[in-house]
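Hi everyone, thanks for making time this morning. I'd like to walk you through one model, so let's get it up on the screen.

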Amino acid sequence: MNGAPLIERVRILGIDPGLRVTGFGIIEKDGSRLSYIASGTIKSGEGELPERLGALFSGLTAVLKEHQPQQVAIEKVFVNVNPQSTLLLGQARGAAIVAAVNQGLRVSEYTALQIKQAVVGNGHADKKQVQDMVKRLLSLTKAPAADPADALACAICHAHSHSQVAQGRLPAGLTLRRGRLS
């Protein structure tokens with residue numbers, strides 16, 4: 001061996017949690033190259049909260065089984081003006097995390113600011129900018145819808161952050177605490 005670094009192909013699932021609609025996006029990272037695998041949404045439907053959370057859990061479990069990602073990244077909850085909305089979003093996020101952990105996967109968490117900074121270069125970018133950059137970075141023919149684009153952006157953020165952490169470098173403004181970027 002000549003000491004050259006091994007290029008590891010890794011499949012990453014990004015999750016944009018929501019109670020009504022949860023976006024998911026799957027990419028593959030091969031060295032510095034990112035490839036689009038799949039994306040979409042899981043809708044919880046109408047009804048009582050436990051059934052809606054169960055629908056999100058089941059939907060993500062099916063995605064995990066079909067696409068077999070090795071890593072999972074999810075957007076952290078921010079505090080809304082409405083505490084009830086924040087609580088519901090947190091419960092949807094919990095269902096998503098449990099689906100991944102139930103499959104034996106570790107979950108990395110990123111704030112919306114970190115995701116936008118990693119993908120667009122501006123932590124205050126709007127949804128259209130995120131969609132356009134996801135399209136560019138993954139060489140897609142058209143920009144994905146908002147929820148899948150946010151999930152793909154989360155996966156891209158993880159791909160960039162994970163490779164820099166592995167090399168002992170962190171993106172500007174990020175620190176590593178207890179194995180998590182913040």
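Let's start with a single pair: Ile74 has Glu109 in strand 5 as its bridge partner. Please keep in mind throughout that this is a predicted model.

That pair takes us to the two strands around it. Strand 4, residues 71–75, and strand 5 run parallel, and four bridges join them. As a general reminder, strands of a sheet pair through backbone hydrogen bonds, in either a parallel or an antiparallel way.

Now zoom out to the whole sheet. How many strands form it, and in what order? There are five, ordered 3-2-1-4-5, in an open sheet with mixed pairing. Strand 3 (33–43) and strand 5 (107–110) are at the edges with a single partner strand each, so each has one side without a neighbour in the sheet. On average, and ignoring direction, neighbouring strands here are turned by 20° against each other.

What packs on this sheet? Helix 1, residues 49–67, does, and it touches strand 1 (9–16), strand 2 (21–30), strand 3 and strand 4. The direction of helix 1 makes about 150° with that of strand 3.

Last stop, the pocket. The largest pocket holds about 580 Å³ of space. It is lined by 22 residues, and those closest to its centre are Asp16, Pro17, Phe78, Leu89 and Asp147. Helix 2 (83–102), helix 3 (112–119), helix 4 (127–137) and helix 5 (146–166) are the elements that each give two or more residues to this lining. By character, the lining residues divide into 11 nonpolar, eight charged and three polar.

Thanks for listening, and I'm happy to go back to any view.

Technical notes: Residues numbered from 1 in each chain as written. Predicted model: local features only at pLDDT ≥ 70, side-chain atom pairs only at ≥ 80, totals over all residues. Heavy atoms only, no water. 1 Å grid on protein atoms, 1.4 Å probe; cavity = no way out; pocket = protein on both sides within 12 Å on 5 of 7 lines; lining within 4 Å. Points joined across faces, edges and corners; volume = space filled by probe spheres on them. Nonpolar A, V, L, I, M, F, W, Y, C, P; charged D, E, K, R; others polar. Pairing = 2+ DSSP bridges. Axes fitted to C-alpha atoms, helices over the stretch in contact; angles between N-to-C directions. Contact = heavy atoms within 4.5 Å.
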